[in-house]
Amino acid sequence: MKQVAANMAGTVINVLVQVGDEISAGQDVVVLESMKMEVPVQAEVAGKVIEVKANIGDFVNEGDILVSVE
């Protein structure tokens, strides 16, 4: 299992994937708002989404797991 982590602290403003989606490396999976900027978080690996831990409105810290991929 591989995981996509937040690259900075911020509020989740959009979740772009769902469980079961096939994603590719470099694909945007979540969008964070930090310091009034929208920051996309990209998957580093390709695979199938098996869990989405982020919800719109959640505050996440740098390193928090957002999406799990297999």
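**Exercise 1. Charged side chains**

Determine how many positive and how many negative side chains the chain of this predicted model has, and how far apart the centres of the two sets lie.

*Solution.* Step 1: Lys and Arg are counted as positive, Asp and Glu as negative. Step 2: the count gives 4 positive side chains and 11 negative ones. Step 3: the centres of these two sets are 3 Å apart.

**Exercise 2. Secondary structure and strand pairing**

State which elements make up the chain, and work out which strands E6 is joined to by bridges.

*Solution.* Step 1: the chain contains 0 helices and 8 strands. Read from the N terminus, the order is β-β-β-β-β-β-β-β. Step 2: strand E6 covers residues 47-52, and 2 bridges link it to strand E3, residues 22-23. These two strands run antiparallel; in this pairing, Ile23 lies opposite Gly47. Step 3: E6 is also joined to strand E8, residues 65-69, by 3 bridges, again in antiparallel fashion. Here Glu51 faces Ser68 of E8.

**Exercise 3. Overall form**

Decide whether the radius of gyration agrees or disagrees with that of a compact globule, and describe the extent and burial of the chain.

*Solution.* Step 1: for 70 residues, a compact globule would have a radius of gyration near 11 Å; the chain has 11 Å, so the two agree. Step 2: the C-alpha trace spans about 30 × 20 × 20 Å along its principal axes. Step 3: a residue is buried if its relative accessible area is under 20%, and 31% of the 70 residues meet this condition. Step 4: the exposed area of the chain is about 4100 Å², of which carbon and sulfur atoms supply 46%.

Technical notes: Residues numbered from 1 in each chain as written. Predicted model: local features only at pLDDT ≥ 70, side-chain atom pairs only at ≥ 80, totals over all residues. Heavy atoms only, no water. Helix = DSSP H or I, 4+ residues; strand = E, 2+ residues; numbered from the N terminus. Rg over C-alpha atoms; globule rule 2.2 N^0.38 Å. Buried < 20%, exposed > 50% of the residue type's maximum accessible area, 1.4 Å probe, protein only. Areas by Shrake-Rupley, 256 points an atom, 1.4 Å probe, with all protein chains shown as cover. Charge placed at Lys NZ, Arg CZ, Asp CG, Glu CD. Pairing = 2+ DSSP bridges.
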